[in-house]
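This briefing goes through one chain by topic, beginning with a charged pair and then turning to the overall fold, the helices and the surface.

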Amino acid sequence: MLNFEEELKKFKPSLEVEEIEAAVYQEDVTDMKDIMREMKQQKK
């Protein structure tokens, strides 16, 4: 039977996850509000 406490102690996140997390936080994400603002400015 698995001992979940022991398994959690051994767990280490992969470097890929940390790299992805850093890339996501650095990314300039355009949301719907930005798109609507840009469309409104183009109509003027």
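In this predicted model, the side chains of K9 and E6 meet in a salt bridge, with a nitrogen-to-oxygen distance of 3.6 Å. The two residues are three positions apart in helix α1, which spans residues 4-10, so about one helical turn separates K9 from E6. K9 is exposed, its relative accessible area being 63%, while E6 is partly exposed at 39%. A search of the whole structure finds three salt bridges, and the chain that carries them has three helices and zero strands.

**Overall architecture**

- Read from the N terminus, the elements of the chain follow the order α-α-α.
- Along the principal axes, the C-alpha atoms fill a box of roughly 65 × 20 × 10 Å.
- Of the 44 residues in the chain, 0% count as buried, a class that requires a relative accessible area under 20%.
- The chain exposes about 5100 Å², of which carbon and sulfur atoms supply 57%.
- The chain has 8 positive and 12 negative charges, and the mean positions of these two sets lie 11 Å apart.

**Salt bridges**

- Side chains of opposite charge can pair when their charged atoms come close.
- In addition to the pair of K9 and E6, the side chains of K10 and E7 form a salt bridge with an N to O distance of 3.3 Å.
- K10 and E7 are three residues apart in helix α1, and they are therefore separated by about one helical turn.
- K10 counts as exposed, with a relative accessible area of 57%, whereas E7 is partly exposed, with a value of 37%.
- R37 and D34 also form a salt bridge, the closest N and O atoms of this pair being 3.3 Å apart.
- Because R37 and D34 are three residues apart in helix α3, about one helical turn separates them.
- R37 is partly exposed at 43% relative accessibility, and D34 is likewise partly exposed, with a value of 30%.

**Helix α2 and the negative patch**

- Helix α2, which covers residues 15-26, has twelve residues and reaches 17 Å from its first C-alpha to its last, a span close to the 16 Å expected at 1.5 Å a residue.
- This helix is hardly covered, since the count of buried residues among the twelve residues of α2 is zero.
- A negative surface patch is formed by E16, E18, E19 and E21.
- Within that patch, E16 lies in helix α2 and counts as exposed, at 56% relative accessibility.
- E18 has its place in helix α2 as well, and this residue is partly exposed, with a relative accessible area of 41%.
- Both values meet the requirement for patch membership of over 30% relative accessible area.
- Between E18 and D34, the latter being the salt-bridge partner of R37, there are 16 residues in sequence and 28 Å in space, as given by the C-alpha to C-alpha distance.

**Helix α3 and the nonpolar patch**

- Helix α3 comprises residues 32-43; its twelve residues reach 17 Å from the first C-alpha to the last, close to the 16 Å expected at 1.5 Å a residue.
- As with the preceding helix, α3 is described as hardly covered, and the count of buried residues among its twelve residues is zero.
- M32, I35, M36 and M39 make a nonpolar surface patch of about 410 Å².
- One of these patch residues, I35, has its place in helix α3 and is partly exposed, with a relative accessible area of 37%.
- That value is over the 30% required for a residue to belong to a patch, so I35 meets the accessibility condition.
- Helix α3 thus holds I35 of the nonpolar patch together with the charged pair of R37 and D34.

How values were computed
Residues are numbered from 1 along each chain as its sequence is written. This is a predicted model: local features need pLDDT of at least 70, side-chain atom pairs count only at pLDDT 80 or more; totals for chains, interfaces and linings use all residues. Side-chain values use heavy atoms; hydrogens and water are left out. Patches are made of residues with over 30% relative accessible area and no salt bridge: like charges are joined within 9 Å, nonpolar side chains (Val, Leu, Ile, Met, Phe, Trp, Tyr) within 5 Å. Accessible areas come from the Shrake-Rupley method with a 1.4 Å probe; for residues, only the protein chains shown count as cover. A salt bridge is a side-chain nitrogen of Lys or Arg within 4 Å of a carboxyl oxygen of Asp or Glu. Helices (H or I, at least four residues) and strands (E, at least two) are DSSP runs, numbered from the N terminus. Buried means under 20% relative accessible area, exposed over 50%, partly exposed in between (1.4 Å probe, protein chains only). Lys and Arg count as positive and Asp and Glu as negative; His and the chain ends are not counted. The place of a charge is taken as NZ of Lys, CZ of Arg, CG of Asp or CD of Glu. The expected span of a helix is 1.5 Å times one less than its number of residues.
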